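Subject: The two-chain model

Hi there,

Here is the structure I promised to pass on. Have a look at it first, and my notes follow below.

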2 protein chains.
Amino acid sequence: MPEIEPTPTSSWVRQEDGDRTLEENWLFRLRRERYRSRTSGRAHDYYVIHLADSVNVVALTPDERLILVRQFRAGSGRDSLETPGGLLDPGEDVLSAGARELLEETGYAGDPPELLSIVWSNPSIMTSKSTTILITNACLMAEPQLDHGEEVDVELVPAREVPEMLRDGRISHSLVVVGLLWWLQSRPSGSA
Amino acid sequence: MPEIEPTPTSSWVRQEDGDRTLEENWLFRLRRERYRSRTSGRAHDYYVIHLADSVNVVALTPDERLILVRQFRAGSGRDSLETPGGLLDPGEDVLSAGARELLEETGYAGDPPELLSIVWSNPSIMTSKSTTILITNACLMAEPQLDHGEEVDVELVPAREVPEMLRDGRISHSLVVVGLLWWLQSRPSGSA
């Protein structure tokens, strides 16, 4: 299972005297944080966005269709086709969070989740990790329960079409692509 | 070649009267931007980080070693093993930017670059796209020329070891992982 290296090393050490919070809101905290190089002794200020970890769910129906959601994304300024998912609540287990997000966004629930992969979302500027989990035998169990401001269309696509959807860019959110590529790697048939 | 869908659709439209710049610095501009749903008519404020596009370089030596760089990343608070790369200069071509970053960070240069994939870095909050390019026959041509604050160690690893390094998390930056998975897919031998 792709994971994150358990023994971190760090060539720079934190100098908390230079830290400053630049923005704080319901979603993230933006800070300027000062570190000093163990090698050169030089100090450097980094921008760091403190954001909750997230989960993406590769969810498959009994007839091998992948459950996707289409929603507006303000960073790209367009609608984006993605696996269901979202941010973990404080203290929440990633497998429970994935099952919760799948149910809330799509109304589907399935077998107990399995871990597929974990990556740093963007370690140069964000503190968050992104985990992809697999839920099979997903069936429609409820009406979606969306958060305020969320408008999500659910789309089911045959699993065999996913490689082509990654290649032609219909699915192009990096964290979704990495999760789906790992899922394809883990399948007997293999490649994208 | 994995790319981004050429015909964008957007279910929300921009309402510029609600926009506000929250932070602006040499690296990015953080804005709160208001959009209105075409479906429901409701308005919602999104946080958007305006950041330059980036490029990652899968660079191989004539004897099939992959050129990697190890550097401190403040988001994860630890050192990170990555393909060379960086942000595009304004107006810069992505292929030229990749060759430039490879040379600056590692001193290596090789054959004309080829596009491997392009994804949105994190379209829910960032405007940037991330492109991965391939440069083969890379040879050491110069001393690295690092930017202020950059401290980078160059590491060469046999290409055949990359799948294991992705699986065990030694390489765990999402944008690097997605580029390397696409590169492995494109090779005759195939999977990770």
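Across which strands of chain A does helix H3 lie? Helix H3, residues 174–186 of chain A, crosses E5, E10 and E11 of that chain. The direction of H3 is at about 135° to that of E10(A).

Before going further, please keep in mind that this is a predicted model. The average pLDDT of chain A is 94, and 95% of its residues score at least 70. For the model, ipTM is 0.94 and pTM is 0.94.

**The sheet under the helices**

The strands just mentioned belong to an open sheet of four in chain A, ordered E8-E5-E11-E10, and the pairing is mixed. Strands E8 (85–87) and E10 (114–120) form its edges; each has a single partner strand, so one side of each lacks a neighbour in the sheet. On average, neighbouring strands are turned by 20° against each other, ignoring direction.

Inside the sheet, E5 (residues 54–59) and E11 (residues 129–135) of chain A run parallel and are joined by six bridges. If you would like a pair to look for, A:Val58 has A:Leu134 in E11(A) as its bridge partner. Helix H1 of chain A, residues 94–106, also packs on this sheet, where it touches E5, E8 and E11. The angle between the directions of H1 and E5(A) is about 65°.

**How the two chains meet**

Chain A superposes on chain B by a rotation of 180° with 0.0 Å of shift along the axis, at an RMSD of 0.0 Å. The two copies are therefore related as by a two-fold rotation axis. The C-alpha of A:Val178 is the one in chain A nearest that axis, 2.6 Å away. Both copies use the same surface, as 100% of the contact residues of chain A recur in chain B.

How many residues of each chain are in contact with the other? The count is 59 residues of chain A and 59 residues of chain B. Several elements of chain A supply at least two residues each to the side touching chain B, including strands E3 (28–37), E4 (43–51) and E6 (65–73), as well as helix H2 (162–167). The edge strand E10 is also one of these elements. H3(A) gives the largest share, six residues. By type, the side of chain A that touches chain B has 24 nonpolar, 25 polar and ten charged residues.

Happy to go through any of this with you.

Best wishes

How values were computed
Residues are numbered from 1 along each chain as its sequence is written. Chains are lettered from A and ligands numbered from 1 in the order in which they are written. This is a predicted model: local features need pLDDT of at least 70, side-chain atom pairs count only at pLDDT 80 or more; totals for chains, interfaces and linings use all residues. Copies are superposed by least squares on the C-alpha atoms of residues with pLDDT of at least 70 in both. Two residues are in contact if their C-beta atoms, placed from the backbone, lie within 7 Å. Two strands pair if DSSP finds at least two bridges between them. Axes are lines fitted to C-alpha atoms, for helices over the stretch in contact, and angles run from 0 to 180 degrees between N-to-C directions. pLDDT is the predictor's confidence in each residue, from 0 to 100. Ala, Val, Leu, Ile, Met, Phe, Trp, Tyr, Cys and Pro count as nonpolar, Asp, Glu, Lys and Arg as charged, and the others, Gly among them, as polar.
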